[in-house]
Amino acid sequence: MKRSHHEILKHIFDNDDVGIKELSSIMVRKHNDHRDFYALAALIDAGYIGFTGPIFNKEDGALDTYQQVRLFQAYSQGDENQTYEEIMILGENEDSYLYVAAKAIEYFHTRDELRKGWILTAVLAFISAVISGVIISRLTVTAIEVIAK
């Protein structure tokens, strides 16, 4: 997963109800237009997060990513009535929220388990190295004492 996708997902995971307006204000935005929201749309399309607002689907049921990112851009423009490339949002509507889906919970659980596995492996490797070093040094001292006699 790309770092930008992970950071968005982590923020939504850590904060139970993240509004699209809130998220757009804290995102690092390179273009300041709809292109900045493709990572968010990809996370929705992949099933990592859900969205309480309107979801644009194509006729085959797949997410219409272009329409969706334009909607997110309209949300990011403020609280008043907003229009962005034929997408209109009325200002009296409340913010729509993003939430973690089951796939995101599984993703973070797997990451956590892998991290614990690597830490355990490192600790066991260190302990093995110390024990081996002690045994080898003891054997070496014993061998030298035997040779010296």
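**Entry 1: a term to settle before looking**

I count two helices as roughly perpendicular when the angle between their directions falls at 65 to 115 degrees. I also keep in mind that the model I am looking at is a predicted one.

**Entry 2: α1 against α3**

I began with the pair α1 and α3, whose axes lie 9 Å apart and whose packing angle is about 70 degrees. These two helices are therefore roughly perpendicular to each other. I noted that α1 passes α3 in a right-handed crossing. Looking up the side of α1 in this contact, I found Ser4, His5, Ile8, Leu9 and Ile12, and these meet Ala39, Leu40, Ala42 and Leu43 in α3. The residues of this contact divide into seven nonpolar, two polar and no charged.

**Entry 3: α1 against α5**

Next I asked myself which residues of α5 are met by α1. I wrote down Ala104, Ile105, Tyr107, Phe108 and Arg111 in α5, and on the α1 side His6, Leu9, Lys10 and Phe13. The contact of α1 with α5 comprises six nonpolar, one polar and two charged residues. For the geometry, I recorded that helix α1, residues 3-14, and helix α5, residues 102-148, pack at an angle of about 105 degrees, and that their axes are 11 Å apart. That angle makes α1 roughly perpendicular to α5. I add that Leu9 appears in the contact with α5, and that Leu9 is also listed in the contact with α3.

**Entry 4: α3 against α4**

I then turned to helix α4, which runs over residues 65-76 and packs with α3 at an angle of about 125 degrees, the axes being 9 Å apart. That makes α3 oblique to α4. The crossing in which α3 passes α4 is right-handed. In α3 I listed Tyr38, Leu40, Ala41 and Ile44, which meet Thr65, Tyr66, Val69 and Phe72 in α4. Sorting the residues of this contact by kind, I have seven nonpolar, one polar and no charged.

**Entry 5: two residues of α4**

I wanted to know whether Phe72 is buried or exposed. Phe72 is found in helix α4, and with a relative accessibility of 0% this residue counts as buried, because buried means under 20% relative accessible area. Leaving out residues up to four places away in sequence, I found that Phe72 touches Ile20, Phe37, Leu40, Ala41, Ile44 and Phe51. For Phe72 and Leu40 I noted a separation of 32 residues in sequence and 8.9 Å in space, taken from C-alpha to C-alpha.

Thr65 also has its place in helix α4, but Thr65 is partly exposed, its relative accessible area being 24%. Not counting residues up to four places away in sequence, Thr65 touches Tyr38 and Ala41. The C-alpha atoms of Thr65 and Phe37 are separated by 9.4 Å, while the two residues stand 28 residues apart along the chain.

**Entry 6: a histidine in a loop**

Where is His34 found? I located His34 in the loop between α2, residues 20-26, and α3. His34 counts as buried, its relative accessibility being 11%. Once its neighbours within four places in sequence are set aside, His34 is in contact with Tyr66, Val69, Arg70, Gln73, Tyr84 and Glu85. Tyr66 and Val69 are also among the α4 residues that meet α3.

**Entry 7: the sheet**

Last, I looked up the strands, and found an open sheet of three strands in the order β1-β5-β2, with antiparallel pairing. Here β1 (18-19) and β2 (49-51) stand at the edges, and each has a single partner strand, so one side of each is left without a neighbour in the sheet. Following the first pairing, I saw that β1 and strand β5, residues 97-100, pair in the antiparallel sense over two bridges, and that Gly19 has Tyr97 in β5 as its bridge partner. I then recorded that helix α3, residues 38-46, packs on the sheet and touches β2 and β5, with a direction that makes about 105 degrees with that of β2. The pairing of β2 with β5 is likewise antiparallel and runs over three bridges. Within the sheet, I also noted that Ile49 stands opposite Val100 in β5.

Conventions:
Residues numbered from 1 in each chain as written. Predicted model: local features only at pLDDT ≥ 70, side-chain atom pairs only at ≥ 80, totals over all residues. Heavy atoms only, no water. Pairing = 2+ DSSP bridges. Helix = DSSP H or I, 4+ residues; strand = E, 2+ residues; numbered from the N terminus. Contact = heavy atoms within 4.5 Å. Axes fitted to C-alpha atoms, helices over the stretch in contact; angles between N-to-C directions. Parallel < 35°, antiparallel > 145°, perpendicular 65-115°, else oblique. Nonpolar A, V, L, I, M, F, W, Y, C, P; charged D, E, K, R; others polar. Left-handed = near helix turned anticlockwise from the far one by under 90°. Buried < 20%, exposed > 50% of the residue type's maximum accessible area, 1.4 Å probe, protein only.
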